[in-house]
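These notebook entries record what I looked up in one protein structure. I began with its interior and then worked outward.

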Amino acid sequence: MTRRASRSISKRAAIVTATAVVTVGTVAAGAAVAGPTWGAGKPAEKQIAGLFDNWNRALQTGDPQKVADLYASDAVLLPTVSNKVRADRAAVVDYFEHFLANKPVGKKIESHVNVLDANSALDAGVYQFTLTDPETGEKNVVKARYTYEYEKRNGEWLIVNHHSSKMPEG
């Protein structure tokens, strides 16, 4: 083999090696930029839908603090039976102190879950509440549209936005 042919083979080997190193480096950099949730996987829609069941069980305790614990500290609540926007824990607790007096029992009628990524999801649809008047014991069913926006913070799914509005037709 001539010296010239040997140099040509060495150049090609160097180019192939450099290309391989750049490719591996690019893939590794892409994984690092993608962040810690890259490859971690999204939660199942069923898991997100089940967060409502946890919330409904918290209602059944009658403890507004337990219900408020399911909301992030910076959550916004646009409640069904109040005209006030609740944008801090004290306001959320205040709302549930009044709402829980009616012994609400919630039931989803229609649910549409959209898992955005490993740490955020939406659940929107229609639910109904059976409410009991604390003075008369009379039961009343209220249908409402809802949207829950959830974020996973420090390993825990929390409500960051909750909108609920009574159905227009009653």
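**Entry 1: the cavity**

I looked first at the lining of the largest cavity, and I count 15 residues there, with Thr 80, Tyr 95, Phe 99, Phe 129 and Ser 164 lying nearest the centre. I note at the outset that the model is predicted. The volume of this largest cavity comes to about 110 Å³. I searched for cavities of 30 Å³ or more, and the structure holds one.

Which elements each supply at least two residues of the lining? I find four such elements listed: helix α4 (89-99) and the strands β3 (120-132), β4 (139-153) and β5 (156-166). I then sorted the lining by residue class, which gave 12 nonpolar residues, three polar ones and no charged ones.

**Entry 2: overall layout**

I recorded four helices and five strands in the protein. Their order along the sequence reads α-α-α-β-α-β-β-β-β. The protein has 170 residues, and 32% of them count as buried.

I also looked up how far along the sequence the contacts reach. Taking contacts between residues at least 6 apart in sequence, I find that 51% join residues at least 24 apart. The accessible surface amounts to about 10,600 Å², and carbon and sulfur atoms account for 55% of that area.

**Entry 3: helix α4**

I returned to α4, one of the elements that contribute to the cavity lining. Its buried residues are Ala 91, Val 92, Val 93, Tyr 95, Phe 96 and Phe 99. Two of these names, Tyr 95 and Phe 99, I had already entered among the residues nearest the cavity centre. What do the buried residues of α4 pack against? I find α2 (45-60), α3, β1 and β3 as their partners.

I examined Phe 96, which lies in this helix, in detail. Its relative accessible area is 1%, so Phe 96 counts as buried, the cut-off being under 20%. Leaving aside residues up to four places away in sequence, Phe 96 touches Trp 55, Leu 59, Pro 64, Val 67, Tyr 71 and Leu 77. I also noted the separation of Phe 96 from Lys 66: the two are 30 residues apart in sequence, and their C-alpha atoms are 9.8 Å apart in space.

**Entry 4: salt bridges**

I found five salt bridges in the structure. One of them joins Arg 89 to Asp 69, with 2.8 Å between the closest N and O atoms. This pair links distant parts of the chain, since Arg 89 is in helix α4 and Asp 69 is in the loop between α3 (64-68) and β1 (71-78), 20 residues apart. Both partners are partly exposed: Arg 89 has a relative accessible area of 34%, and Asp 69 has one of 41%.

I next looked up Arg 86 and Asp 94, whose side chains meet in a salt bridge at 2.8 Å, N to O. Are these two buried or partly exposed? Arg 86 counts as buried at 5% relative accessibility, whereas Asp 94 counts as partly exposed at 26%.

A further salt bridge is formed by the side chains of Lys 108 and Asp 123, at 2.5 Å, N to O. Lys 108 lies in strand β2 (residues 105-117) and Asp 123 in strand β3, so this pair ties together parts that are 15 residues apart in sequence. Asp 123 is buried, with a relative accessible area of 0%, while Lys 108, at 21% relative accessibility, counts as partly exposed. I also entered one network, in which salt bridges that share partners join Asp 74, Glu 151 and Arg 153.

**Entry 5: backbone angles**

I checked for positive phi values outside glycine. Lys 103 has a positive phi of about 45° although it is not a glycine. I place Lys 103 in the loop between α4 and β2. With a relative accessible area of 59%, Lys 103 is exposed.

I made a similar entry for Asn 154, a residue other than glycine whose phi is positive and near 50°. Asn 154 lies in the loop between β4 and β5. At 86% relative accessibility, Asn 154 counts as exposed.

Definitions and conventions
Residues are numbered from 1 along each chain as its sequence is written. This is a predicted model: local features need pLDDT of at least 70, side-chain atom pairs count only at pLDDT 80 or more; totals for chains, interfaces and linings use all residues. Side-chain values use heavy atoms; hydrogens and water are left out. On a 1 Å grid over the protein atoms alone, a cavity is a set of points where a 1.4 Å probe fits but cannot get out, and a pocket is an open set with protein on both sides within 12 Å along at least five of seven lines; lining residues have an atom within 4 Å of a point. Grid points are joined across faces, edges and corners, and a volume is the space filled by probe spheres set on the points. Ala, Val, Leu, Ile, Met, Phe, Trp, Tyr, Cys and Pro count as nonpolar, Asp, Glu, Lys and Arg as charged, and the others, Gly among them, as polar. Buried means under 20% relative accessible area, exposed over 50%, partly exposed in between (1.4 Å probe, protein chains only). Contact means heavy atoms within 4.5 Å. Accessible areas come from the Shrake-Rupley method with a 1.4 Å probe; for residues, only the protein chains shown count as cover. A salt bridge is a side-chain nitrogen of Lys or Arg within 4 Å of a carboxyl oxygen of Asp or Glu.
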